[in-house]
Amino acid sequence: MTVKILIVGFGNVGQGLAELLVEKERMLREKYKTDVQVVGIVTRHWGAIVDEHGLALSRVLASVLAGKGFAHSGYDLQSQTTAELIENLDYDVLIELTITDLNNGEPATQYIRLALERGRSVITTNKGPIALHLKELETLAKTHHAVLKYEGTVMSGTPVLNLIEHNLAGLEIRKIEGIVNGSSNYILTRMEEGLEYDDAVKEARELGYLEADASADLDGWDAVAKVMILAGVAFGVTLKVDEVQRRGIAGLTRREVEDALGQNKVWRQVVELERGEQEGCLRAAKAGLRLLGNGHPLAQIKGAGNGLVIYTDVMPLITVSGPGAGRRETGYAVLNDLLSICTEQC
Ligand SMILES: NC(=O)c1ccc[n+]([C@@H]2O[C@H](COP(=O)([O-])OP(=O)(O)OC[C@H]3O[C@@H](n4cnc5c(N)ncnc54)[C@H](OP(=O)(O)O)[C@@H]3O)[C@@H](O)[C@H]2O)c1
């Protein structure tokens, strides 16, 4: 089967996805009987390129990686806006990979609505629309017989949302604890190794671990968005931003980190969600700072890693750990979502 995709946003994740599509083209065809054709790519500054028979991705990537945008890709730039392409181009799945805005989820939410209203399925890695508008978008998808997938919004390619939704079906999830912000965890780990907070932040920034607006990581906003997404997926609860207790790592001193180590403990930024007495209610929804004893599974998560511990009625404790960010890791989340749409729908 052929699946035509339109990619909106071609930064880290878009390029990571494109690399995987090139590398795995043969595997996708032979093992999954799927021919993925990228019929359009849109960005803000480089503009848009389209080819109804599928863009030559290697050529597009070469042009982008050479710092030329789409200028050396061999394709003419389109004059249509992002919204016009989403509304008019012939594609099966919109891949929405623009930047996260946790205030209103725009413009991504509008792009997703436009595609779903056309009955096109959507995959996004953008936390804004999913944290803020998940219920509305899922209803829209259902109404128009489309699918909305967003595995990459929490822990990038490490499978947690699909795990909760599909593999843990039939279990009652009682509690979730997790480390879902790799940059905070990296900074804490480096402070345990002797760095001052400011130096660890500087190092994280140099390594590209911090968002452009570092407050999203250091003040816990990114973790709040992930709590909101997990609340929707695991507990069917819609939370507002101010319903999540928040404390980021900003302000923690090396002295506090050393004192904790002296007691065989570590500071971690931990998200926590706990089922309430009544259906649709939560007893706890937090993105905070916690002192964890060395025996806690999350105390073992070092560096930029992520981890999630899921407590259920039958399986007492399930732990998942793996990367929480990265261009190829998050690109893989998109590929995995695409394959599941193809198996479910195409
Ligand atoms: N990177 C990760 O490891 C990771 C992990 C999990 C989730 N995510 C999420 O995935 C999304 C993409 O991340 P990224 O790292 O790839 O971001 P990025 O490198 O900043 O790329 C964002 C892309 O979106 C484009 N864009 C922005 N507004 C647009 C618009 N209105 N129309 C068309 N294109 C637009 C940008 O174009 P210009 O460059 O021309 O502005 C750029 O190509 C974000 O929401 C991020 O939070 C990322």
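Which residues do ring pairs link into a cluster? The answer is F10, W46 and F70, and the views below begin there. This is a predicted model, in which local features need pLDDT of at least 70 and side-chain atom pairs count only at pLDDT 80 or more, while totals for chains, interfaces and linings use all residues. Residues are numbered from 1 along each chain as its sequence is written, and side-chain values use heavy atoms, with hydrogens and water left out.

**View 1. Ring pairs join F10, W46 and F70 in a cluster.** A pair of aromatic rings is described by the distance of the centres and the angle of the planes. Here, rings of Phe, Tyr and Trp (its six-membered ring) pair if their centres lie within 6.5 Å; planes under 30 degrees apart count as stacked, over 60 as edge-to-face and the rest as tilted. By this rule there are three aromatic pairs. One of them is the tilted pair of F10 and F70, with 6.2 Å centre to centre and 50° between the planes. This pair links distant parts of the chain, 60 residues apart: F10 is in the loop between β1 (2-8) and α1 (12-23), and F70 is in the loop between α3 (57-65) and α4 (82-88). Helices (H or I, at least four residues) and strands (E, at least two) are DSSP runs, numbered from the N terminus. F10 and F70 are both buried, where buried means under 20% relative accessible area, exposed over 50% and partly exposed in between (1.4 Å probe, protein chains only). W46 and F70 form an edge-to-face pair, at 5.6 Å centre to centre and 70° between the planes. W46 lies in the loop between β2 (35-42) and β3 (48-50) and F70 in the loop between α3 and α4, so this pair ties together parts that are 24 residues apart in sequence. W46 counts as partly exposed because its relative accessibility is 32%, whereas F70, at 2%, counts as buried.

**View 2. Charged side chains sit over tyrosine rings at Y91 and Y311.** A charge sits over a ring if NZ of Lys or CZ of Arg is within 6 Å of the ring centre and within 35 degrees of the ring normal. R120 places its charged end over the ring of Y91, 5.8 Å from the centre. For Y311, the partner is K175, which lies over the face at 4.9 Å from the ring centre.

**View 3. T189 sits in helix α8 (residues 182-192).** With 7% relative accessibility, T189 counts as buried. A polar atom of the T189 side chain lies 2.7 Å from the backbone oxygen of N185. Setting aside neighbours within four places in sequence, T189 is in contact (heavy atoms within 4.5 Å) with R268, K302 and G303.

**View 4. T34 lies in the loop between α2 (25-32) and β2.** T34 is buried, and its relative accessible area is 3%. Its contacts, leaving aside neighbours within four places in sequence, are M1, V3, L28, R29 and C342.

**View 5. Domain 1 (2-156 + 328-345) meets domain 2 (160-324).** The bounds come from an automatic or database domain assignment. Between the C-alpha centres of the two domains there are 28 Å. The contact takes 17 residues from domain 1 and 25 residues from domain 2. Together the domains bury about 1,700 Å², 63% of it on carbon and sulfur atoms; buried area is the accessible area (1.4 Å probe) that two parts lose on being put together, summed over both. E151, V154 and M155 supply 39% of the area that domain 1 buries against domain 2, more than any other three residues.

**View 6. M155 has a positive phi near 60°.** This residue is not a glycine, and its place is in the loop between β6 (148-149) and α7 (161-167). At 0% relative accessibility, M155 counts as buried.

**View 7. N264 also has a positive phi, of about 60°, without being a glycine.** Look for N264 in the loop between α12 (254-262) and β9 (265-275).

**View 8. A cis peptide bond runs from E106 to P107.** Omega is near 0° for this bond. P107 has its place in the loop between β4 (93-96) and α5 (108-117).

Notes: Polar contact = N/O pair within 3.5 Å; in protein donor to acceptor, adjacent residues only side chain to side chain.
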